[in-house]
Amino acid sequence: MNATTRPGGRTPAELVLEDGRVFTGLAYGAVGETHGEAVFSTGMTGYQETLTDPSYHRQIVVMTAPHVGNTGVNDEDPESRRIWVAGYVVRDPARTPSNWRSRRGLDEELAAQGVVGIQGVDTRALTRHLRERGAMRCGIFSGDALAEGPGARLERVRSAPAMVGAPLFDEVATEEPYVVEAVGPRRFTVAAVDLGIKGMTPRRMAERGIEVHVLPATTDLETVYASGPDGVFFSNGPGDPGTADHPVELMRGVLERGTPLFGICLGNQVFGRALGFPTFKLKYGHRGINQPVKDLSTGRVEVTAHNHGFAVDAPLEGTSKTPFGAAEVSHVCLNDDVVEGLRLVDRPAFSVQYHPEAAAGPHDAAYLFDRFVSLMEGQRA
């Protein structure tokens, strides 16, 4: 990313897709040049949580909601230490944010963090294009970045790294361990392997009396068990799960010990690989806070928050033999039958592909943290 830190104002901008399609608009946020994978998010709210979700590292996010920035930016809702998206695409940004917690405008915040964006784009047409052609590399160009000819800009987009084969989780994970204290009396201790964890995740566990020890993605099995954890958690994160060899081996070590285990998002894909299932790239993925998922054990349908471009390839019906016993699919997306959860039948281990912490809502899946607590209670008993 190459950007200035002044808001774009009325500066012309251009979005170039790797298949050659071009969308024109005005700069939004920083002025300059950025590259990433073009994806779309269907959430109508929660843009601040989306921007600061480490799972969006190296992605240019297209907002399908036409009006973005209404509530400005506050200092309470970020999910991590910075904005992680590579670029931001909106149709009609708010001219004046209005919310009692707002501290500054979204355009101002994007510019301050050097995030290149574009406004005035027909995001409906862009989203339909990505649904038909699939997520692809793209670039946003404004200011001096428009000085080169269109052929040069397209070439720069096509030379950018693809998401398939990209090992990104260690670029966003914490470098040093830290502890999130339990709220009230400590009931359990959990070792959380950070692959791109969101701040609300350990907070949801802390609310249930769990002391969470957040560990770097490169941690070893001995360090995982140094705190004497009652359970082990593997977080969300960016990139191709096919590159997550170390987390997979680490999880296999946890499974061999029989410690209660819970994974979300990338943690679900790591769980799938640890059990012997392959992963694959979705055509355009699931992103937003309105994705319907069915819990196959209860028949209940949940509206859930998603951010994933890869999925686990596992049989939707029946059980499968794995090195750790029988496994089955526990949750499935009702839009396209993509696997959204896995569990071991005879060991205390499960995962989901979506985000049960859902800081921006919805909260239908919050019970999964209680399910993790139940596993730890059962193991202790």
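This report describes a strand and its partners, several salt bridges and a charged surface patch in a predicted model.

Residues are numbered from 1 along each chain as its sequence is written. In this predicted model, local features need pLDDT of at least 70 and side-chain atom pairs count only at pLDDT 80 or more, whereas totals for chains, interfaces and linings use all residues; side-chain values use heavy atoms, with hydrogens and water left out.

**Strand β2 and its partners**

Helices (H or I, at least four residues) and strands (E, at least two) are DSSP runs, numbered from the N terminus. Strand β2 covers residues 12–17, and five of its six residues are buried (buried means under 20% relative accessible area, exposed over 50%, partly exposed in between, with a 1.4 Å probe and protein chains only). Two strands pair if DSSP finds at least two bridges between them. β2 pairs with strand β3 (residues 22–29) in the antiparallel sense over five bridges, and E14 stands opposite T24 in β3. These two strands form a hairpin with four residues between them, and G20 in the turn has a positive phi of about 100°. β2 also pairs with strand β10 (residues 136–142), again in the antiparallel sense over five bridges; there, G139 is the bridge partner of V16.

**Salt bridges**

A salt bridge is a side-chain nitrogen of Lys or Arg within 4 Å of a carboxyl oxygen of Asp or Glu. The structure holds 21 of them, including the three below.

| Pair | N to O distance | Separation in sequence |
|---|---|---|
| E37 and K281 | 2.8 Å | 244 residues |
| E357 and K198 | 2.9 Å | 159 residues |
| D370 and R208 | 2.7 Å | 162 residues |

E37 lies in strand β4 and K281 in strand β16, so their salt bridge ties together parts that are 244 residues apart in sequence. E37 is buried at 7% relative accessible area, whereas K281 is partly exposed at 27%. Both E357 and K198 are buried. D370, in helix α10, is partly exposed at 38%, while R208 is buried at 17%. A network of salt bridges links E33, E148 and R156.

**A positive patch**

R124, R128, R131 and K283 form a positive surface patch. Such a patch joins like charges within 9 Å, using residues with over 30% relative accessible area and no salt bridge. Helix α3 (residues 123–133) contributes the largest share, three residues. R128 lies in this helix and is partly exposed, with a relative accessible area of 49%.

Key
Patches are made of residues with over 30% relative accessible area and no salt bridge: like charges are joined within 9 Å, nonpolar side chains (Val, Leu, Ile, Met, Phe, Trp, Tyr) within 5 Å. Accessible areas come from the Shrake-Rupley method with a 1.4 Å probe; for residues, only the protein chains shown count as cover. Lys and Arg count as positive and Asp and Glu as negative; His and the chain ends are not counted. The place of a charge is taken as NZ of Lys, CZ of Arg, CG of Asp or CD of Glu.
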